[in-house]
Amino acid sequence: MAPQRGIDEGTAGGQLAVFLVELTRQTPVRELSDRFGRSSSTWGNYLNGSTLIPRQLVGRLVESFTPPGSTRNTKAVRGLELWKAAEAARRAGRSPSAGGELVRGRQRRDDALQQVVKYRAVAANAENHLAELRPMLAHTQSRLEHAELRLRLGDERERARAERRLGQARERLGRVRVQQELARRRRMTAEEQQEFWMAEVLSAQEEISRLEREVRDLVTVPPGPREPVGRDAAQAPDAQDAVDDADFEARLEHITAEGLEDAALIEEDLQHLRPPPADPVQPLSGPALDKPATSSGDRRLGQTLAWRRLVLPFPLLGVTGFLYWACQEAAFSRIGGWAVIPATVLCLPVLYGSLRATTVRKLPARIAAPLLHIAWSALLVLDQLPWPSPGTGAR
């Protein structure tokens, strides 16, 4: 017999519990436990609204207790709406009281465990799809080869029929390969989610241990029932040796529909992974979710480069001026206009480096440095001419 249930129908969780009780038609919790996994007490909590049932179980209950057709689709949509409302109410009703930290930590751990179970089921479903798609792919390839052989050996009418079958086989082969690739991606995503949520379980367990030590002398929180979460047994169906076209198309459409549901489930969970507000409990985090924009090493490197750009040009400009002054003095003392040659070898590269150090771009620096050096060289050569002294004139 079904246990006595006190359901608060004024809450979203109570409405979901009423929907589940009506859906299961007063099925005993022991039978539900044997059929779908988990303990009888856990199913009792699901059916009286004290514990939120996992989302995938709602779909399994609708599929098991509702005949195919429009009725099943209506029940599935209604169950999904009630579950989302109950989930939103459960998230909004979390209390930030002193003793509530421990409860929230346990709830966080339970949520992470449910996510692990869910993604294990998604990974198992993707693995089943791959197991079913492999013989289908082999069968399709064999039919394709057979059609190609008949196309080579048949007459005109047989050739036309074989060409049609060849086109159908190629189109079906492409669909099978697409679904196989999508199943592989779902399996990889589900495995990554399992690793993430298992790390979240360990983090939540450490937080619970710390909070229990802190509130042991202050608040006594009665531990709630901790029922082990059952693992849904998923067995891959045996591949049939002979698959006709009707069964082949029906199974491929079924795999496509399930793959879309699993992909939508994964996408919805990834969209909900947002950093929560500031809270004493450690927020959900991951290496792929929390990435700092910049690091301290990058900031120090940027500051060093800015400091060099401000300080480095002044010594280079000083060295450039000194070299030009030395070449000019040497021109008037010993070698005359030939000082242009060592000035070009020594001063021109330093002048170009000074312009580049002052953040002048490469092309303007290549143009400005030779022009300045040519102007200095022309003035130096003109200074070597026998100019009359200032204040004197021709007599």
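The legends below describe close-up views of a predicted model, moving from its nonpolar cores to its salt bridges.

**View 1. The largest nonpolar core of the model, which contains 22 residues.** Within this core, the residues that touch the most other members are L16, L20, L32, F36, W43, I53 and L61. Two or more residues are contributed by each of the helices α1 (12-24), α2 (29-36), α3 (40-48), α4 (55-65) and α5 (70-92), and the largest share, six residues, comes from α1. As general background, nonpolar side chains in soluble globular proteins tend to be buried together.

**View 2. The surroundings of L20 and a second core.** When residues up to four places away in sequence are not counted, L20 touches Y46, L47, I53 and L61. Elsewhere in the model there is a second, separate core of 14 residues, and its members include M136, L144, L173 and F248.

**View 3. A salt bridge inside helix α5, between E87 and R91.** The side chains of these two residues meet with a distance of 2.7 Å from N to O, and the residues themselves are four places apart in the helix, about one turn. Is each partner buried or exposed? E87 counts as buried because its relative accessible area is 10%, whereas R91, with a relative accessible area of 49%, is partly exposed.

**View 4. A salt bridge between distant parts of the chain, formed by E132 and R251.** Here the side chains meet at 2.2 Å, again given from N to O, although the two residues are 119 residues apart. E132 belongs to helix α6 (residues 100-153), and R251 belongs to helix α8 (residues 245-272). With a relative accessibility of 11%, E132 is classed as buried, while R251 is partly exposed, its relative accessible area being 27%.

**View 5. A salt bridge inside helix α7, between E214 and R210.** The closest N and O atoms of this pair are 2.5 Å apart, and both residues lie in helix α7 (residues 156-215), where four residues, about one turn of the helix, separate them. Both partners are partly exposed, E214 with a relative accessible area of 42% and R210 with one of 30%.

**View 6. A network of salt bridges that share partners.** Through such shared partners, E87, R90, R91 and D111 are joined into one network, which takes in the E87 and R91 pair of View 3. The count of salt bridges comes to 14. In general, side chains of opposite charge can pair when their charged atoms come close.

Conventions
Residues numbered from 1 in each chain as written. Predicted model: local features only at pLDDT ≥ 70, side-chain atom pairs only at ≥ 80, totals over all residues. Heavy atoms only, no water. Core = buried A, V, L, I, M, F, W, Y, C linked by side-chain atoms within 4.5 Å. Buried < 20%, exposed > 50% of the residue type's maximum accessible area, 1.4 Å probe, protein only. Contact = heavy atoms within 4.5 Å. Salt bridge = Lys/Arg side-chain N within 4 Å of Asp/Glu carboxyl O.
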